[in-house]
Amino acid sequence: MTSTATRTLSYEVFINEPAPQDGVLPNGEPKRFSPQASTLIYGREDAILTDPPLTTDQARVLGDWIASKDRNLTDIVVTHGHGDHWFAAGPLVERFGARVVASAGTIAQMHGNVATRPLLWDRIYTGIPPTPVTAVTAPDNRVTLEGHDLAIVEVGSTDSDDTTVLHVPDLDLVVAGDVIYTGVHLYLAQIAVNGGFGPWRQAIDTVESLRPRHIVAGHQDSRRDDDAVRTIAETREYLDDAEELLDTQHGAVDFFDAKIARYPDHLGRTILWIGANILYGAREHPDRDLREIIVSAWL
Ligand SMILES: [Zn+2]
């Protein structure tokens with residue numbers, strides 16, 4: 001848990017317990033999703049939440065934590081369309097009467113993730129609530145919390161298309177969604193979609209240009225701090241390593257093993273394995289439909 005206060009705004013981070021799933025990794029470990037972070041930014045009376053989790057059970061636990069803060073939840077900001085960052089928004093909207101806000105690009109991606117529920121999400125995870133897309137855009141991608149402006153900044157493609165971060169200038173804070181990770185393996189599948197690492201690196205540059213002191217990584221190890229310089233450097237290094245290992249490792253298992261050797265303490269090995277499968281699957285089967293490769297890597 002992280003907490004930082006200015007005169008009138010504060011923020012705290014809640015790490016959602018990963019939803020259970022079946023199956024094992026090549027090294028015999030049980031599969032497990034990565035921890036995912038929701039951030040509550042609050043003033044004296046009102047609060048804004050980012051990135052609710054995936055399942056009804058997770059929403060109940062997170063909702064109890066929000067209720068304990070005794071603020072009026074006005075908005076839920078979703079940084080990008082992946083289901084693990086918003087599928088459980090519905091129960092929280094009902095419980096707190098909040099509005100869901102995202103960029104137009106993220107809203108389009110949310111619809112795409114709803115379409116993949118029966119093919120993918122519902123085949124892996126139980127207890128995902130109904131997921132109507134109720135998100136609306138905000139004028140100029142800005143939301144207000146007790147007179148403070150918060151900006152939804154579009155950063156392009158990272159581990160999904162049309163990703164954003166939430167910039168809170170009065171806290172020197174960027175809530176980074178999946179643009180920045182700390183202590184958790186990155187989901188690298190999008191590198192196959194984009195044909196390279198360039199877009200993700202550009203997105204990190206955009207985050208850096210906002211000159212934050214604090215960054216909340218959407219997937220993080222709770223034992224790590226939120227130092228912006230360190231988390232940006234770590235994410236760049238992880239991408240550089242991945243690019244190097246893609247050249248030197250001959251298959252998905254080799255890549256998986258090499259990453260674990262370099263990052264023995266990182267969480268989220270299931271996501272590492274899925275990403276490796278997709279990257280090598282796309283390389284080894286260039287004629288196969290990439291969406292099919294992605295779905296079979298997840299299952
Ligand atoms: Zn994510």
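The following paragraphs lead through the structure from its overall form to its sheet, its core and the confidence of the prediction.

The structure is a predicted model. Across the protein, the mean pLDDT is 95, and 98% of the residues reach 70 or more. Residues 1-6 are a stretch where the pLDDT is below 50; beyond near neighbours in sequence, this stretch has 14 contacts in the model.

Consider next the protein as a whole. Its chain forms ten helices and eleven strands. The radius of gyration is 18 Å, close to the 19 Å that the globule rule gives for 299 residues, so the protein is as compact as a globular protein of that length. Taken along the principal axes, the box that the C-alpha atoms fill is roughly 55 × 40 × 35 Å. Of the 299 residues, 46% are buried. The contacts show how the chain is brought together: among those between residues at least 6 apart in sequence, 71% join residues that are at least 24 apart.

One part of the fold to follow by eye is an open sheet. Five strands make up this sheet, in the order 7-8-9-10-11, and their pairing is mixed. Strand 7 (142-145) and strand 11 (214-216) are the edge strands, each of which pairs on one side only. From one strand to the next, the twist averages 25 degrees. At one end of the order, strand 7 and strand 8 (residues 148-156) run antiparallel and are joined by four bridges. Within this region, Leu-145 has His-148, in strand 8, as its bridge partner.

A helix accompanies the sheet. Helix 6 (residues 198-209) lies across strand 8, strand 9 (163-168) and strand 10 (173-175). Relative to strand 8, helix 6 runs at about 160 degrees.

The interior can be approached through the nonpolar residues. The largest nonpolar core has 83 residues. Which residues have the most contacts inside this core? They are Ile-41, Val-77, Val-165, Ala-176, Ile-180 and Val-207. Helix 9 (residues 269-284) gives the most to the core, with eight residues.

Ile-180 offers a detailed view of such a position. Leaving aside neighbours within four places in sequence, Ile-180 is in contact with Ile-204, Val-207, Ile-215, Ala-217, Thr-231, Ile-232 and Thr-235. One of these partners, Val-207, is itself listed among the residues with the most contacts inside the core. The numbering also ties this residue to the sheet and its helix: residue 207 falls within helix 6 (residues 198-209), and residue 215 falls within edge strand 11 (214-216).

Definitions and conventions:
Residues numbered from 1 in each chain as written. Predicted model: local features only at pLDDT ≥ 70, side-chain atom pairs only at ≥ 80, totals over all residues. Helix = DSSP H or I, 4+ residues; strand = E, 2+ residues; numbered from the N terminus. Rg over C-alpha atoms; globule rule 2.2 N^0.38 Å. Buried ≥ 20, exposed ≤ 12 C-beta atoms within 10 Å, placed from the backbone. Contact = placed C-beta atoms within 7 Å. Pairing = 2+ DSSP bridges. Axes fitted to C-alpha atoms, helices over the stretch in contact; angles between N-to-C directions. Core = buried A, V, L, I, M, F, W, Y, C linked by C-beta atoms within 7 Å. pLDDT = per-residue confidence, 0-100.
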